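Visitor: I would like a close look at one part of this model, taken slowly and with the neighbouring parts brought in as they become relevant. Could you walk me through it?

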Amino acid sequence: RKRKSKKRKRKRKRYRMNNPTIKDLDINYYSIDGCYYCQETKYLLEKEGVLEDVNELKVHSLPEGCVGYPCFVSKATGKKSTGFPENLDNLISKLS
């Protein structure tokens, strides 16, 4: 009888925080005046009590890799997300 070799899959090591918070992610939030989704995002962040943990930048030029407003960039992980996040869990999962 031949034994089947059991190949173990190596897990790729990724930089991923365990249960990160908005503050842990060190987020730059790029918005522009007159943008409905930027206003909704700011309201969401205020409602959740984390607006002071995000660096809000009102600019007319986005960093490389962002394609629209609102745009979020995590300085801790280097990941980016564009668009209204709907809730904080979505934003955290996209940036962690």
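**Ile27 and its surroundings**

Guide: In this predicted model, if the neighbours within four places in sequence are left aside, Ile27 is in contact with Ile22, Val54, Asn55, Phe72, Val73, Ser74, Leu91 and Leu95. Ile27 also belongs to the largest nonpolar core, a set of 15 residues in which Ile22, Ile27 and Leu45 have the most contacts. Two or more residues of this core come from each of helix H1 (22–25), strand E1 (27–31), helix H2 (36–47) and helix H3 (88–95), and of these H3 gives the most, with four residues. As a general background, nonpolar side chains in soluble globular proteins tend to be buried together.

Three of the contacts of Ile27, namely Phe72, Val73 and Ser74, lead to strand E3, which spans residues 71–74. From this strand Cys71 and Val73 point one way while Phe72 and Ser74 point the other way, and all of them are buried. E3 runs antiparallel to E1, to which four bridges join it, and within this pairing Tyr30 stands opposite Cys71. E3 is also joined by three bridges to strand E4 (residues 80–82), again in an antiparallel arrangement, where Thr82 is the bridge partner of Cys71. Cys71 therefore has a partner in E4, Thr82, and stands across from Tyr30 as well. Between E3 and E4 the hairpin has five residues, and in it Gly78 takes a positive phi near 85°.

Terms used:
Residues numbered from 1 in each chain as written. Predicted model: local features only at pLDDT ≥ 70, side-chain atom pairs only at ≥ 80, totals over all residues. Heavy atoms only, no water. Core = buried A, V, L, I, M, F, W, Y, C linked by side-chain atoms within 4.5 Å. Buried < 20%, exposed > 50% of the residue type's maximum accessible area, 1.4 Å probe, protein only. Contact = heavy atoms within 4.5 Å. Pairing = 2+ DSSP bridges.
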